[in-house]
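Look over the chain from end to end before reading on. The paragraphs below go from a single helix to the whole fold and then to a few residues worth finding.

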Amino acid sequence: MLFNSIEFCYLLAITLIAYWMMPNLRVRQGILLIASLVFYAYWYPPYLTILLSLVVLSYFFGILTERYPRAGVWSASLTLLGILCYYKYSNYFAGLIDQALWFFGNKPQFEHFDIKLPLGISFMVFQLLGYIVDVAKKEVKAEKNIVFVTLFISYFPHLIAGPICRATQLIPQLRSRHKFDSGMLGSGFVIFSIGLILKIVFADNFAPYVDNVFKAPSTFSGFGSLCAAILYGFQIYADFWGYSTMAVGISLMFGISVPINFNLPYHSSSLQDFWRRWHITLSVWLRDYLYIPLGGSRGTEYQTQRNLVLTMLLGGLWHGANTTFIVWGAIHGLTLAIERATLKQISVNTKASRTFQVIHYAITMIVVFIAWIFFRAQTSQQAIEVLTNIFRVGTGYFTSTAPKHTLILALLFVILMKPATQLIANLYQKTFRFDRALVFASWTALLVTIFASSDVPKFIYFDF
């Protein structure tokens, strides 16, 4: 079930009405739990058993970890990551084995081997691993009520694609009886509407041109390929920012706060700054549960750079078993390491700092958007073909480009990035008056009605 579908609107409306009509906390928790399980089962009912199995395993691992921290963390990590690897990487490795068998003249054995990837499994596993590690570090007590473990992981606003919530952030809120707040409900509706606009108006309208270029790069000019690379950077940002924003808005409607996941990443002054602003909850997760345990910046400069590269490589692999994701992670990891080493050697005086910042910003964005080409491409060959087109300057370089309406929409997106981010933050922090928010919500609903189509495209991060 997609946030941008009519079915979800019905589910949300019914759940909201039932939730706020029931004063009893246990009943409210039951309503949220049922809605979450219906939301997940709607996609593919048999895989509801996977979600519940992950919950049961994590419940017992949490109790084990509280008593035996090291044994609990290792057991949970091996089990949960093993499940993730089975569903996410089995098809990839089966394909490699078949290719090897074919190369040596043998009949492929896994021609019809195809495992359906459960929606949101990567986010669920990361969230549960974070919970287990936090129990081991005594930052949170093991949850003894399996209902709360179930609700913690299945809570539908963030279930499929985050934000990745920690137990310390979410479980206390799920345990609390919230008072109805019309201001928070209204703010949540406006934030949800902004996310819907980001998805329907921007991301879904950038997608057709991007798809056409990546399907047949050789048929487009260099400038056309450059436009596709830039538009994909806007598409994935609008798509994932839209989803995360809707998740924040939906939660606020229930009186619950989940973390804001984006903060103007394309305004970043460096690659390190980019990862403080892009998919913030994943960046924090990778930092706290991977980079720091690897040693972080506590060792030598070489060890720190190694840890950066390893973290980003594993972050790339987390997105999927494809060479393109590994290259994407490697580009970010190596550039972060180089950036760290370079910035340590540069002493910028006051007069030169502005020039340096502009140059550094340009380099940062070039790296980010080149990396997006590999992230979007189905194969490394396809990515290299797009890149070759971009850098092959010559006759006919400017012969084709994206449609004018798409370029106008891209310009509008650039203009609206900052005010939209600020409005979301103000609504989230309750510094924006609700009466004005209500007016904005009405216009938002009108815009969505105008631009929405009968097609309901899924979100990009549903593939991960």
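A residue is called buried when its relative accessible area is under 20%, and exposed when that area is over 50%. This is a predicted model, and the values below are computed from it.

Start with helix 15, which runs over residues 380–391. Which residues of helix 15 are buried? They are Q382, A383, V386, L387, N389 and I390. These buried residues lie on the same side of helix 15, because they cover an arc of only 155 degrees around the axis. Q381 and F391, on the other side of helix 15, are exposed. The length of the helix can be checked as well. Its twelve residues, at 1.5 Å a residue, should span 16 Å, and the end C-alpha atoms are indeed 16 Å apart, so the two values agree.

Now step back to the chain as a whole. It contains 17 helices and zero strands. The chain has 464 residues, and 52% of them count as buried. Of the contacts between residues at least 6 apart in sequence, 76% join residues at least 24 apart. The chain exposes about 21900 Å², and 65% of that area is supplied by carbon and sulfur atoms.

Next, consider the inside. In soluble globular proteins, nonpolar side chains tend to be buried together. In this model the largest nonpolar core has 143 residues, and the members that touch the most others are F8, F254, Y266, W278, W372, F413 and Y461. Helix 9, residues 222–253, gives the most to this core, with 18 residues.

Y461 is a good member to inspect. Leaving out residues up to four places away in sequence, it touches F123, A161, I236, D239, F240, W278, H279, W318, H319 and F375. One of these, D239, is in helix 9. Is D239 buried or exposed? It counts as buried, because its relative accessibility is 2%. Beyond its neighbours within four places in sequence, D239 is in contact with K199, A203, K458, F459, I460 and Y461. D239 and K458 are 219 residues apart along the chain, yet their C-alpha atoms are separated by 9.3 Å.

I191, in helix 8 (residues 182–215), can be read in a similar way. With a relative accessibility of 0%, I191 counts as buried. Setting aside residues up to four places away in sequence, I191 touches T245, V248, G249, L252, I424, L427 and Y428. The C-alpha atoms of I191 and A425 are separated by 9.3 Å, although the two residues are 234 apart along the chain.

Two other helices show how burial can be described. Helix 5 has 16 residues, of which 14 are buried, so this helix is largely enclosed by the rest of the structure. At 1.5 Å a residue, helix 5 should span 22 Å, and its end C-alpha atoms are 22 Å apart, which agrees. Helix 2, residues 25–41, has 17 residues and reaches 24 Å from its first C-alpha to its last, close to the 24 Å expected. Its buried residues are R28, Q29, I31, L32, L33, A35, S36, F39, Y40 and A41. The cover over them includes helix 1 (6–21), helix 3 (48–67), helix 5, helix 6 and helix 7 (167–175).

Finally, turn to the backbone. Most residues other than glycine have a negative phi. K138, which follows helix 5, has a positive phi, near 60 degrees. K138 is placed in the loop between helix 5 (121–136) and helix 6 (146–154). It counts as exposed, because its relative accessibility is 64%. L264 also has a positive phi, near 50 degrees. L264 sits in the loop between helix 9 and helix 10 (271–277). Is L264 buried or exposed? L264 is buried, because its relative accessible area is 9%.

A last point concerns cysteines. How many disulfides does the count give? The count comes to zero. C165 is buried, with a relative accessible area of 3%, and C227 counts as buried at 8% relative accessibility.

Notes:
Residues are numbered from 1 along each chain as its sequence is written. This is a predicted model: local features need pLDDT of at least 70, side-chain atom pairs count only at pLDDT 80 or more; totals for chains, interfaces and linings use all residues. Side-chain values use heavy atoms; hydrogens and water are left out. A nonpolar core is a set of buried Ala, Val, Leu, Ile, Met, Phe, Trp, Tyr and Cys residues joined through side-chain atoms within 4.5 Å. Buried means under 20% relative accessible area, exposed over 50%, partly exposed in between (1.4 Å probe, protein chains only). Helices (H or I, at least four residues) and strands (E, at least two) are DSSP runs, numbered from the N terminus. Contact means heavy atoms within 4.5 Å. The expected span of a helix is 1.5 Å times one less than its number of residues. The arc is that of the directions from the helix axis to the C-beta atoms. Accessible areas come from the Shrake-Rupley method with a 1.4 Å probe; for residues, only the protein chains shown count as cover. A disulfide is a pair of cysteine sulfur atoms within 2.5 Å.
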